[in-house]
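Reader: I would like to go through this model step by step, with each answer reasoned out before it is given. Could we begin once the sequence and structure are on display?

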Amino acid sequence: MVDGFHDDVEFAGLLVRDSAGFVLRCDDGTDYRLELLRTPIDAVEKHVIVRGAKSGDGAIEADGVRIVHGR
């Protein structure tokens, strides 16, 4: 862990948009606020895998979002 960030993490869940941006609703019921460099328009309301660094406040600074096909 460096500067309050944990090593890269990968979580699966539903990508949803809310009034403050984007949230990942994980399969285990946990929600993570996402800090994204690009807006993943095609992935909204779809099951995705998010990879990035988890901060101390529970947000994920996302390096990438990919759609899980076949769900």
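**Strands, ring pair and charged pairs**

Author: At 36% relative accessibility, Arg33 counts as partly exposed, and this value, like the others below, comes from a predicted model.

Reader: Which salt-bridge partner does Arg33 have?
Author: The closest N and O atoms of the pair are 2.9 Å apart, and a salt bridge calls for a distance within 4 Å. Arg33 lies in strand β3 and its partner in strand β1, so the pair ties together parts that are 15 residues apart in sequence. At 29% relative accessibility the partner counts as partly exposed. The residue that bridges to Arg33 is Asp18.

Reader: How many helices and how many strands does the chain have?
Author: Read along the sequence, the elements follow the pattern β-β-β-β-β. The count for the chain is therefore zero helices and five strands.

Reader: Is the aromatic pair stacked or edge-to-face?
Author: A search of the whole structure finds one aromatic pair. The ring centres of Phe11 and Tyr32 are 4.9 Å apart, and their planes stand at 20°. Planes under 30 degrees apart count as stacked, whereas those over 60 count as edge-to-face. The pair of Phe11 and Tyr32 is therefore stacked.

Reader: How many residues apart in sequence are the parts that this aromatic pair ties together?
Author: Phe11 belongs to strand β1, which covers residues 5-18, while Tyr32 belongs to strand β3, which covers residues 31-35. Because the two rings sit in these two strands, the pair ties together parts whose separation in sequence is 21 residues.

Reader: Which residue of the aromatic pair is buried?
Author: Buried means under 20% relative accessible area. Phe11 has a relative accessible area of 22%, so this residue is partly exposed. The other ring belongs to a residue with a relative accessible area of 11%. The buried residue is therefore Tyr32.

Reader: Which residues are linked with Arg51 in a network of salt bridges?
Author: Arg51, in strand β4 (residues 47-55), forms a salt bridge with Asp8, and Asp8 lies in strand β1, 43 residues apart from Arg51; the closest N and O atoms are 3.6 Å apart. The side chain of Arg51 also meets that of Glu10 in a salt bridge, at 3.7 Å from N to O, and since Glu10 lies in strand β1 and Arg51 in strand β4, this pair ties together parts that are 41 residues apart in sequence. The network that includes Arg51 links it with Asp8, Glu10 and Arg66.

Reader: Are Asp8 and Glu10 buried or partly exposed?
Author: A residue counts as buried under 20% relative accessible area and as exposed over 50%. Asp8 has a relative accessible area of 42%, and the value for Glu10 is 42%. Asp8 and Glu10 are therefore partly exposed.

Reader: What share of the residues of the chain counts as buried?
Author: The chain exposes about 4700 Å², of which carbon and sulfur atoms supply 47%. Of the 71 residues of the chain, the share that counts as buried is 32%.

Reader: Among contacts between residues at least 6 apart in sequence, what share joins residues at least 24 apart?
Author: Contact here means heavy atoms within 4.5 Å. Among contacts in the chain between residues at least 6 apart in sequence, those that join residues at least 24 apart make up 48%.

Note on methods. Residues numbered from 1 in each chain as written. Predicted model: local features only at pLDDT ≥ 70, side-chain atom pairs only at ≥ 80, totals over all residues. Heavy atoms only, no water. Phe/Tyr/Trp six-rings, centres within 6.5 Å; stacked < 30°, edge-to-face > 60°. Helix = DSSP H or I, 4+ residues; strand = E, 2+ residues; numbered from the N terminus. Buried < 20%, exposed > 50% of the residue type's maximum accessible area, 1.4 Å probe, protein only. Areas by Shrake-Rupley, 256 points an atom, 1.4 Å probe, with all protein chains shown as cover.
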